[in-house]
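Work through the exercises below with the sequence and the coordinates open. Try each task before reading its solution.

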Amino acid sequence: QVQLVESGGGLVQAGGSLRLSCVASGRTFSSYVMGWFRQAPGKEREFVATISWNGISTYYNDAVKGRFTISRDNAKNTVYLQMNSLKPEDTAVYYCAVPRAAFTSIYRVLPREFEYWGQGTQVTVSS
């Protein structure tokens, strides 16, 4: 079956960096948009970034634009999220996700449009 496994979370001071990885198994997602979402305690899950199937196009939440970079390696069935200049408000559980259909738009970022989800990795940024 399909599995998405995130790693790379942890505790970091404000201004620091982390790199998250998400490895997919069970099928290849080279024709699919891949995305990162996050959920802080007491808040709804929110979109962070998406990347097109070929890695050429990306889309970011305004809150992370200029600080986070999404990338992918289709040969490894892996998507990454490089997070720099981290802020306490970035503290959340981060999830990778894949939508139901292939070749969808990177701008379709509602969580309900994503079918496959990882278990999440905790990112905590201390002030």
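The exercises treat strands, cores, a disulfide and two loop residues in turn.

The model is predicted: local features need pLDDT of at least 70, side-chain atom pairs count only at pLDDT 80 or more, and totals for chains, interfaces and linings use all residues. Residues are numbered from 1 along each chain as its sequence is written, and side-chain values use heavy atoms, with hydrogens and water left out.

**Exercise 1. The open sheet**

Give the strand order of the four-stranded open sheet and name its edge strands.

Solution. Begin with the terms: strands are DSSP runs of E with at least two residues, numbered from the N terminus, and two strands pair if DSSP finds at least two bridges between them. The order is β1-β3-β8-β7, with antiparallel pairing. At the edges are β1 (3–7) and β7 (68–73), each of which pairs on one side only. From one strand to the next the twist averages 15 degrees, where axes are lines fitted to C-alpha atoms and angles run from 0 to 180 degrees between N-to-C directions.

Next, take the pairs at the two ends of the order. β1 and β3 are antiparallel over five bridges, and E6 has C22 in β3 as its bridge partner. β7 pairs with β8 (residues 78–83) over six bridges, also antiparallel; here I70 is matched with L81.

Last, look at the side chains of β1. L4 and E6 point to one face and are buried, whereas Q3, V5 and S7 point to the other and are not. Buried means under 20% relative accessible area, exposed over 50%, and partly exposed in between, using a 1.4 Å probe and protein chains only.

**Exercise 2. Two hairpins**

Describe how β5 pairs with β4 and with β6.

Solution. β4 and β5 pair in the antiparallel sense over five bridges, one of which sets M34 against I51 in β5. Six residues lie between these strands in the hairpin, and G42 in the turn has a positive phi of about 80 degrees. On to β6: its antiparallel pairing with β5 has three bridges, and I51 stands opposite T58. This hairpin has six residues between the strands, with G55 at a positive phi near 80 degrees. β5 is largely enclosed by the rest of the structure, because five of its six residues are buried.

**Exercise 3. The nonpolar cores**

Which residues have the most contacts inside the largest nonpolar core?

Solution. A nonpolar core is a set of buried Ala, Val, Leu, Ile, Met, Phe, Trp, Tyr and Cys residues joined through side-chain atoms within 4.5 Å. The largest has 29 residues, and W36, L81, M83 and Y94 have the most contacts inside it. At least two residues each come from β3 (18–25), β4 (34–39), β5 (46–51), β7, β8, β9 (92–99) and β11 (121–126). A second, separate core has five residues, among them F37, F47, A97 and F114.

Now list the surroundings of Y94, counting a contact when heavy atoms lie within 4.5 Å. Beyond four places in sequence, Y94 touches residues including W36, L81, M83 and V123.

**Exercise 4. The disulfide**

Where does the disulfide lie, and what is its handedness?

Solution. A disulfide is a pair of cysteine sulfur atoms within 2.5 Å. The count is one: C22 is joined to C96, S to S 1.9 Å. C22 lies in β3 and C96 in β9, so the pair ties together parts that are 74 residues apart in sequence. The torsion about the S-S bond is about 45 degrees, so the disulfide is right-handed. Both cysteines, C22 and C96, are buried.

**Exercise 5. Two loop residues**

Which polar contacts do N61 and G9 make?

Solution. A polar contact is a pair of N or O atoms within 3.5 Å; within protein, one must be able to donate a hydrogen and the other to accept it, and residues adjacent in sequence count only if both atoms are side-chain atoms.

N61 sits in the loop between β6 (58–60) and β7. N61 is buried, at 17% relative accessible area, and its side chain reaches the backbone oxygen of F47 at 2.9 Å.

G9 sits in the loop between β1 and β2 (10–13) and is partly exposed, at 32%. The backbone nitrogen of G9 lies 3.2 Å from a polar side-chain atom of T121. T121 belongs to β11 and is buried, at 11% relative accessibility.

Methods
Contact means heavy atoms within 4.5 Å.
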